[in-house]
Amino acid sequence: MSATSPELPRCHPVRIAPPGGAISKPLQSHIMNTLKRMSLFAATSLLALTATFAHAAPSAALNAKYGVCFACHGADGHAILPIYPNLAGQNKDYLVLTLRQFRDGTRPNAVMGPMAKPLSDSDIDQIAMYFAGIKPGK
Ligand code: HEC
């Protein structure tokens, strides 16, 4: 699991003081400390959750876009039949490289050639990151 998942939502800056700044200094630092602890906790839980979901199931968006890939390689990167390669935990750079080769024909393959044809560079990056981020083995 890579720490930088594309699925992580961004945090909004939190405004804790009213416009006049009517909160005492000690209260202010107490609130700040509580917020810091909370957001650290939230960030840690989110990371753990993302790791779990990345292994268990892809997001609806990924499913819609790459469901065809999952049909052979498995949604969790573990191939549905032994005649297909597992992709879970494969190096991201390798996945990018080989998908580009399938796409431009320098790695000719009757199945993967047509599969890779419609993928843009950013699609390739996205799906490579997804499979690379899954812990292999089950
Ligand atoms: C019909 C089944 C099938 C589908 C659908 C499919 N693949 Fe494949 N994939 C294969 C097979 C078979 C190979 C092995 C190709 C070879 O022998 O070179 C392969 C190879 C690969 C490899 C290279 C693995 C390696 O170890 O070199 C990658 C990466 C890959 N597929 C990604 C994808 C992606 C992304 C999609 C969706 C756009 C997809 N595949 C759709 C069957 C499939």
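In this predicted model, the twelve residues of helix α5 should span 16 Å at 1.5 Å a residue, and the end C-alpha atoms of α5 are in fact 16 Å apart, which agrees with that expectation. The buried residues of α5 are I127, A128, Y130, F131 and A132, and what covers them includes the helices α2 and α3.

**Helix α3 and its two faces**

The same check can be made for helix α3, which runs over residues 92-104: its 13 residues should span 18 Å at 1.5 Å a residue, and the distance between its end C-alpha atoms, 18 Å, agrees. Four residues of α3 are buried, namely T98, L99, F102 and R103. They cover an arc of only 145° around the axis, and therefore lie on the same side of α3. The opposite face, turned away from this buried side, carries the exposed residues D93, Y94 and D104. Among the elements that cover the buried residues of α3 are α4, at residues 112-116, and α5, at residues 121-132. After α3 comes G105, whose phi is positive, near 90°.

Two residues of α3 deserve a closer look. T98, which is found in this helix, has 20 C-beta neighbours inside 10 Å and so counts as buried, the cut-off for that class being 20 or more. L95 also belongs to α3, but with 19 C-beta neighbours inside 10 Å it counts as partly exposed, because 20 or more would be needed for a buried residue. Setting aside residues up to four places away in sequence, L95 touches L87, Q90, A128, F131 and A132; of these, A128, F131 and A132 are listed among the buried residues of α5.

**Pairs separated along the chain**

The table gives four pairs of residues with their separation in sequence and the distance between their C-alpha atoms.

| Pair | Separation in sequence | C-alpha to C-alpha distance |
|---|---|---|
| L95 and M129 | 34 residues | 8.5 Å |
| T98 and A128 | 30 residues | 10.0 Å |
| M115 and L99 | 16 residues | 9.2 Å |
| H73 and Y84 | eleven residues | 6.4 Å |

H73, which appears in the table with Y84 as its partner, lies in helix α2. With 21 other C-beta atoms within 10 Å, H73 is buried. Leaving aside its neighbours within four places in sequence, H73 is in contact with A79, Y84 and L87, and L87 is also one of the residues that L95 of α3 touches.

**The shell around the ligand**

The ligand is surrounded by 17 residues, of which C69, C72, P85, N109 and M115 are the closest. Helices α2 (residues 60-73), α3 and α4 each supply at least two residues of this shell, and α2 gives the most, with six residues. By class, the shell has 14 nonpolar and three polar residues, while no charged residue is part of it.

M115, one of the closest residues to the ligand, is found in helix α4. With 16 other C-beta atoms within 10 Å, M115 is partly exposed. The C-alpha atom of M115 lies 9.2 Å from that of L99, which is itself one of the buried residues of α3.

**The protein as a whole**

The secondary structure comes to five helices and zero strands, so that reading from the N terminus on gives the order α-α-α-α-α, helices here being DSSP runs numbered from that end. Buried residues make up 14% of the 138 residues in the protein. Of the contacts with a separation of 6 or more, 58% are accounted for by residues 24 or more positions apart.

**Confidence of the model**

The mean pLDDT of the protein is 80, and 64% of its residues reach 70 or more. In two stretches the pLDDT stays under 50. One of them covers residues 1-5, for which the model has nine contacts beyond four places in sequence. The other covers residues 44-54, and for this stretch the model likewise has nine contacts beyond four places in sequence.

Terms used. Residues are numbered from 1 along each chain as its sequence is written. This is a predicted model: local features need pLDDT of at least 70, side-chain atom pairs count only at pLDDT 80 or more; totals for chains, interfaces and linings use all residues. The expected span of a helix is 1.5 Å times one less than its number of residues. A residue is buried if 20 or more other C-beta atoms lie within 10 Å of its own, exposed if 12 or fewer, and partly exposed in between; C-beta atoms are placed from the backbone. The arc is that of the directions from the helix axis to the C-beta atoms. Two residues are in contact if their C-beta atoms, placed from the backbone, lie within 7 Å. A residue is near a molecule or strand if its C-beta atom, placed from the backbone, lies within 6 Å of it. Ala, Val, Leu, Ile, Met, Phe, Trp, Tyr, Cys and Pro count as nonpolar, Asp, Glu, Lys and Arg as charged, and the others, Gly among them, as polar. pLDDT is the predictor's confidence in each residue, from 0 to 100.
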